[in-house]
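Let's take a walk through this structure together. Have a look at it first, and then we'll go from one residue to the whole chain and back again.

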Amino acid sequence: MSPTVFKIGNYRFHFFSKEENRIHVHIISPEGEAKFWLEPTTALVNYSGFSSKQLNSLQKIVERRKNEIIKKWKEHLKARNN
């Protein structure tokens with residue numbers, strides 16, 4: 001399952017809740033994809049297709065909306081486990 005957390009332009013921010021327990025977010029667009037961990041700090045895990053400029057911009061978005069992503073993650077896990 002891959003719930004969408006939010007979209008900005010061509011970027012879709014989502015997660016794979018069954019992938020791993022560590023809170024993370026995937027970003028996909030026609031240009032590429034990336035994955036960021038949110039704990040213990042925001043960190044780029046892997047990517048393809050994005051430029052350094054795009055990755056820096058995406059990381060800033062993830063950091064700015066980190067609480068929202070974590071909240072959605074926890075809500076999804078709670079619903080899935082009920």
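Is His26 buried or exposed? Keep in mind that this is a predicted model, so what follows describes computed values. His26 turns out to be buried, since its relative accessible area is 11% and the cut-off for buried is under 20%. You'll find His26 in strand E3, which covers residues 24–29. If we skip the neighbours within four places in sequence, His26 is in contact with a whole list of residues: Arg12, Phe13, His14, Phe15, Phe16, Glu19, Ala34 and Lys35.

Now step back and look at the whole thing. The protein chain has 2 helices and 5 strands. Start at the N terminus and you pass through them in the order β-β-β-β-β-α-α. Is that chain spread out, or is it packed like a globule? Its radius of gyration is 12 Å, close to the 12 Å that the globule rule gives for 82 residues, so the chain is as compact as a globular protein of that length. Drawn along the principal axes, a box of roughly 40 × 25 × 20 Å holds the C-alpha atoms. Of the 82 residues, 35% count as buried. On the outside, the chain exposes about 5100 Å², with carbon and sulfur atoms supplying 49% of that. As for how the chain meets itself, take the contacts between residues at least 6 apart in sequence: 31% of them join residues at least 24 apart.

Next stop, Gly32. This glycine sits in strand E4, residues 32–37, and it is buried, with a relative accessible area of 12%. Which residues does Gly32 touch, once we ignore those up to four places away in sequence? They are Ile27, Ser48, Gly49 and Phe50. Gly49 is worth picking out: it lies 17 residues from Gly32 along the chain, while the C-alpha atoms of the two are separated by 4.2 Å.

Finally, follow helix H1, residues 52–64. At 1.5 Å a residue, its 13 residues should span 18 Å, and the end C-alpha atoms are indeed 18 Å apart, which agrees. Which residues of H1 are buried? They are Gln54, Leu55, Leu58, Ile61 and Val62. Look down the axis of H1 and these buried residues fall within an arc of 120°, so they line one face of the helix. Turn to the face pointing away from that buried side, and there you meet the exposed residues Ser52, Lys53, Lys60 and Arg64.

How values were computed
Residues numbered from 1 in each chain as written. Predicted model: local features only at pLDDT ≥ 70, side-chain atom pairs only at ≥ 80, totals over all residues. Heavy atoms only, no water. Helix = DSSP H or I, 4+ residues; strand = E, 2+ residues; numbered from the N terminus. Expected span 1.5 Å × (residues − 1). Buried < 20%, exposed > 50% of the residue type's maximum accessible area, 1.4 Å probe, protein only. Arc of directions from axis to C-beta. Contact = heavy atoms within 4.5 Å. Rg over C-alpha atoms; globule rule 2.2 N^0.38 Å. Areas by Shrake-Rupley, 256 points an atom, 1.4 Å probe, with all protein chains shown as cover.
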